Each structure stands twice: as structure tokens, then as C-alpha cells.
Amino acid sequence: MFTRASVNSLQERSLLEVRNPIEGKGKKLMSMKLYVGNLSFETSSNELQTLFAQTGTVESVSLIEDRETGRSRGYGFVEMSTKEEGAAAIEKFNGQELGGRFLKVDEAKPRENRAGF
């Protein structure tokens, strides 16, 4: 973990901001980003928003789409406002049926670096 005194480069500063987001007067954001997989291609952002709102405040919903066709790729991300709400959403919705498919809900993992082409 970086401290303010050890932040030397722009890259380290951006990592610090990602790992320790600050809101207002020194309050840390405690949100949890969830991976939601095995979605029906017809599932909308509004449907996910409404579903996950049953367990708490939904900060954001993003469905991943194919760049060329604009069609859903069958997964997305939901950000809950607290870790407790995120954990409740995982427990409630992992394995639940939506649109004829059983959801896979888990805490989102950081995106790995990919080789550029």
C-alpha cells in the first residue's frame, strides 16, 4: 500500500486513488463492484438496477456489449454502495433465475493487463 509520502509517479498516484478513493472530508467510499454473469441477451440495465435495488443502493450498472454488433455479451457489472449490500446481493442473487438463466454473481476482480495488438 502506498502512503502519501511514497507516491512518486503519476502511475503510483492513480493506483493510490483507485485503492483509497476519498469522498468529502476524508470519508472513504466503501462500495463493492459485482460481476454478474450468465445474463440473457435480452436483460436490460433497468432490470438489473431494479433487481439489485432489493438489497441496497445501486451506484451503477453496466452491461458489456459487443463493439461491432452492439449485442449484449451476457455479463455486466453492478456497483453497490456498501460492501454489506454487495455481500447481501451475492448471497441473494447468485444462482437465482432471471430471464430463463441462472445468474452468476460474485465480487468483481481487478482487470488484468492485456497485451496490446
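Is F93 buried or exposed? In this predicted model, F93 is buried, because its relative accessible area is 0%, under the 20% limit that defines the class. The setting of this residue is described below, after the overall organisation of the chain and its sheet.

The chain contains three helices and eight strands. Read from the N terminus, the order of elements is α-β-β-β-α-β-β-α-β-β-β. The chain has 117 residues, of which 25% count as buried. The exposed area is about 8600 Å², and 49% of that area comes from carbon and sulfur atoms. Among contacts with a separation of 6 or more, 58% are between residues 24 or more positions apart.

Four of the strands make up an open sheet with antiparallel pairing, in the order β4-β5-β3-β8. Its edges are formed by β4 (58-65) and β8 (104-107), each of which pairs on one side only. From one strand to the next, the twist averages 20°. Two helices pack on this sheet. Helix α2, residues 45-52, touches β3, β4, β5 and β8, and its direction makes about 145° with that of β4. Helix α3, residues 83-93, touches β3, β5 and β8, and its direction makes about 20° with that of β3.

The pairings within the sheet can be followed strand by strand. Strands β4 and β5 run antiparallel and are joined by six bridges. Together β4 and β5 form a hairpin with six residues between them, and G70 in the turn has a positive phi of about 75°. Across this pairing, S62 stands opposite F77 of β5. Strand β3 (residues 32-37) is also paired with β5 (residues 72-80) in the antiparallel sense, over six bridges. Here K33 has E79 of β5 as its bridge partner, and G37 has Y75 of β5. Strand β3 pairs in turn with β8, again in the antiparallel sense, over four bridges. In that pairing, G37 stands opposite K104 of β8. Residue G37 thus has a partner in β5 and another in β8.

Aromatic side chains form four pairs in the model. One of them links F52 and F93, whose ring centres are 4.8 Å apart and whose planes are at 50°, a tilted arrangement. F52 belongs to helix α2 and F93 to helix α3, so this pair ties together parts of the chain that are 41 residues apart in sequence. F52, like F93, is buried: its relative accessibility is 0%, and the corresponding value for F93 is 0%. The aromatic pair therefore consists of two buried residues, one in each of the helices α2 and α3.

Another pair is made by Y75 and F77. Their ring centres lie 6.1 Å apart with the planes at 85°, so the pair is edge-to-face; the angle needed for that class is over 60 degrees. Y75 counts as partly exposed because its relative accessibility is 25%, which falls between the limits of 20% and 50%. Y35 joins Y75 and F77 in one aromatic cluster. A charged side chain also lies at F77: K33 is over the face of its ring, at 5.1 Å from the ring centre. K33 is the residue bridged to E79 in β5, while F77 stands opposite S62.

A further aromatic residue, F41, lies outside the strands and helices, in the loop between β3 and α2. With a relative accessibility of 36%, F41 counts as partly exposed. Apart from neighbours within four places in sequence, F41 is in contact with R71, S72, R73 and G74. The C-alpha atoms of F41 and G74 are separated by 5.6 Å, although the two residues are 33 apart along the chain. Among the contacting residues, R71 lies over the face of F41, at 3.9 Å from the ring centre.

Definitions and conventions: Residues are numbered from 1 along each chain as its sequence is written. This is a predicted model: local features need pLDDT of at least 70, side-chain atom pairs count only at pLDDT 80 or more; totals for chains, interfaces and linings use all residues. Side-chain values use heavy atoms; hydrogens and water are left out. Two strands pair if DSSP finds at least two bridges between them. Axes are lines fitted to C-alpha atoms, for helices over the stretch in contact, and angles run from 0 to 180 degrees between N-to-C directions. Contact means heavy atoms within 4.5 Å. Buried means under 20% relative accessible area, exposed over 50%, partly exposed in between (1.4 Å probe, protein chains only). Accessible areas come from the Shrake-Rupley method with a 1.4 Å probe; for residues, only the protein chains shown count as cover. Rings of Phe, Tyr and Trp (its six-membered ring) pair if their centres lie within 6.5 Å; planes under 30 degrees apart count as stacked, over 60 as edge-to-face and the rest as tilted. A charge sits over a ring if NZ of Lys or CZ of Arg is within 6 Å of the ring centre and within 35 degrees of the ring normal.
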